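This report describes a single protein chain for a reader who has the sequence and the structure at hand. Please keep both in view while reading.

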Amino acid sequence: CVIYARYSSTKQTEESIEAQLRACRAYAESKGHVVIGQYIDEAISGKGSKTAARLQYQRMLRDCDRQVFGVILVHKYDRIARSLAEHINLATRLQSKGIELIATAQDFGTTNEAKIMRSLTWALSEYYIDNLSTEVKKGHVENAEAAMHNGGVPPFGYDVVDGRYVINELEAGYVRRLFAAAARRKGYKAILEEMAQAGILGKRGSPVKYTQVYEMLHNEKYAGVYVYSPKMPKDRAGRRERPDAIRKEGAIPQIVSREEWDMVQQVMRNKKQVGTKAHYLCSGLVYCGQCGAKMHGSESVKGENRYLRYTCSAK
């Protein structure tokens, strides 16, 4: 036989890897099984969507096809998966190979009643994870109604103390300067270089880049607005609009005024429109000399300078 063990987070519990292995080895000894190997996945969820990421689980499945063992021991069935469909697929696959799966803490035997108990255990395992997800979402909504931090990394310029947003004055000073530069249609290069030289890093420990500045300038939290979406849209535009979001005006300490934030949004919109709606005398008549694709005219504004250019539509 072989042993499969897994835990879903880096936080050890009484069902940690060591405890699972110890329970499986004790069971094997009591039943006269010979353990010839073990497969261990650490800090990986048992949800169905995570199955492919469990490298040791996938290796065990490949070894099943080689039929080098006749029994798989796990501590409990939820160590294998928390998906009913995954349990059924695995049971069918193992049955075709003549391999038995035994949960040492849930050994119901081989009777017809035991089959029902196993199926109920599999279903309850999926129910548990789905119900947990629902409860977590409810907790997030309650936090949002109270304008509490809902996990993750706070925006640059803020810290979280006792679940509340508080201003990090050092970072907030740079945020204000970036907004002021955007409002005056100035560049950010000098500010970012100064931050890098001073060792001022983003919340994830890396230097602040232009892409982060772009997101910062669109973040309404800086104007004191708390925004939380129960279901986060996948696209960037949807994440900003979020019509179904819970919004709390004035729930977060302001770093920039509402007027300045609105002004910067207008500047950003104007920049975007200038680049896409520029018209040229030869529009539609110029083609790339290398690939033959149409050349599109574009315009960008940096400070008081306007830059006009043609770019290949295929690149």
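Tyr127 is exposed, because its relative accessible area is 52% and the exposed class begins over 50%. The model in which this residue appears is a predicted one. Tyr127 lies in helix 4, which covers residues 112–145. Together with Ile116, Met117, Leu120 and Leu124, Tyr127 makes a nonpolar surface patch of about 530 Å².

## The chain as a whole

The chain has 315 residues, and 38% of them count as buried. Its secondary structure consists of nine helices and 10 strands. The accessible surface amounts to about 18600 Å², with 52% of it belonging to carbon and sulfur atoms. Among contacts with a separation of 6 or more, 60% are made by residues 24 or more positions apart.

## The nonpolar cores

In soluble globular proteins, nonpolar side chains tend to be buried together. In this model, the largest nonpolar core has 33 residues. The residues with the most contacts inside this core are Phe156, Phe179, Tyr188, Met195, Leu217 and Tyr222. Two or more residues of the core come from each of helix 5 (169–183), helix 6 (189–197), helix 7 (210–217), strand 7 (226–228) and helix 9 (258–277). Which element gives the most to this core? Helix 5 does, with eight residues. Apart from the largest core lies another core, of 19 residues, including Tyr39, Phe69, Ile99 and Trp122.

Helix 5 deserves a description of its own. Helix 5 has 15 residues, and the distance from its first C-alpha to its last is 21 Å, close to the 21 Å expected at 1.5 Å a residue. The buried residues of helix 5 include Glu171, Tyr174, Val175 and Leu178. Phe179 is also buried, as are Ala180, Ala181, Ala182 and Ala183.

Which residues does Phe179 touch, once its neighbours within four places in sequence are left aside? Phe179 is in contact with Met216, Leu217, Tyr222, Val256, Glu260, Trp261 and Val264. Helix 5 is followed by Arg185, whose phi is positive, near 60°.

Ala183 also offers a view of how separate parts of the chain come together. Ala183 and Asp262 are 79 residues apart along the chain, while their C-alpha atoms are separated by 9.5 Å. Asp262 has its place in helix 9.

## Salt bridges

Side chains of opposite charge can pair when their charged atoms come close. The structure holds 15 salt bridges. Three of them are set out in the table below.

| Salt bridge | Closest N to O distance |
|---|---|
| Lys248 and Glu145 | 3.1 Å |
| Asp159 and Lys203 | 2.8 Å |
| Arg258 and Asp262 | 3.3 Å |

The side chains of Lys248 and Glu145 meet in a salt bridge. This pair links distant parts of the chain, as Lys248 is in strand 8 (residues 246–248) and Glu145 is in helix 4, 103 residues apart. Lys248 is partly exposed, with a relative accessible area of 26%. Glu145 is also partly exposed, at 41% relative accessibility.

The pair formed by Asp159 and Lys203 likewise has its side chains in a salt bridge. It too links distant parts of the chain: Asp159 belongs to strand 5 (residues 158–161), whereas Lys203 is in the loop between helix 6 and helix 7, 44 residues apart. Asp159 is partly exposed, with a relative accessible area of 28%. For Lys203, which is partly exposed, the value is 27%.

How many residues apart are Arg258 and Asp262 in helix 9? They are four residues apart, so about one helical turn separates them. An α-helix has 3.6 residues a turn, so residues three or four places apart point the same way. Arg258 and Asp262 form a salt bridge with each other. Arg258 is partly exposed at 24% relative accessibility, and Asp262 is partly exposed at 35%.

Arg258 and Asp262 are also part of a network of salt bridges, in which they are linked with Glu220, Arg247 and Glu249. Asp262 therefore brings several points of this report together: Asp262 lies in helix 9 and pairs with Arg258 about one helical turn away. The C-alpha atom of Asp262 is also 9.5 Å from that of Ala183, one of the buried residues of helix 5.

Methods. Residues are numbered from 1 along each chain as its sequence is written. This is a predicted model: local features need pLDDT of at least 70, side-chain atom pairs count only at pLDDT 80 or more; totals for chains, interfaces and linings use all residues. Side-chain values use heavy atoms; hydrogens and water are left out. A nonpolar core is a set of buried Ala, Val, Leu, Ile, Met, Phe, Trp, Tyr and Cys residues joined through side-chain atoms within 4.5 Å. Buried means under 20% relative accessible area, exposed over 50%, partly exposed in between (1.4 Å probe, protein chains only). Contact means heavy atoms within 4.5 Å. The expected span of a helix is 1.5 Å times one less than its number of residues. Patches are made of residues with over 30% relative accessible area and no salt bridge: like charges are joined within 9 Å, nonpolar side chains (Val, Leu, Ile, Met, Phe, Trp, Tyr) within 5 Å. Accessible areas come from the Shrake-Rupley method with a 1.4 Å probe; for residues, only the protein chains shown count as cover. A salt bridge is a side-chain nitrogen of Lys or Arg within 4 Å of a carboxyl oxygen of Asp or Glu.
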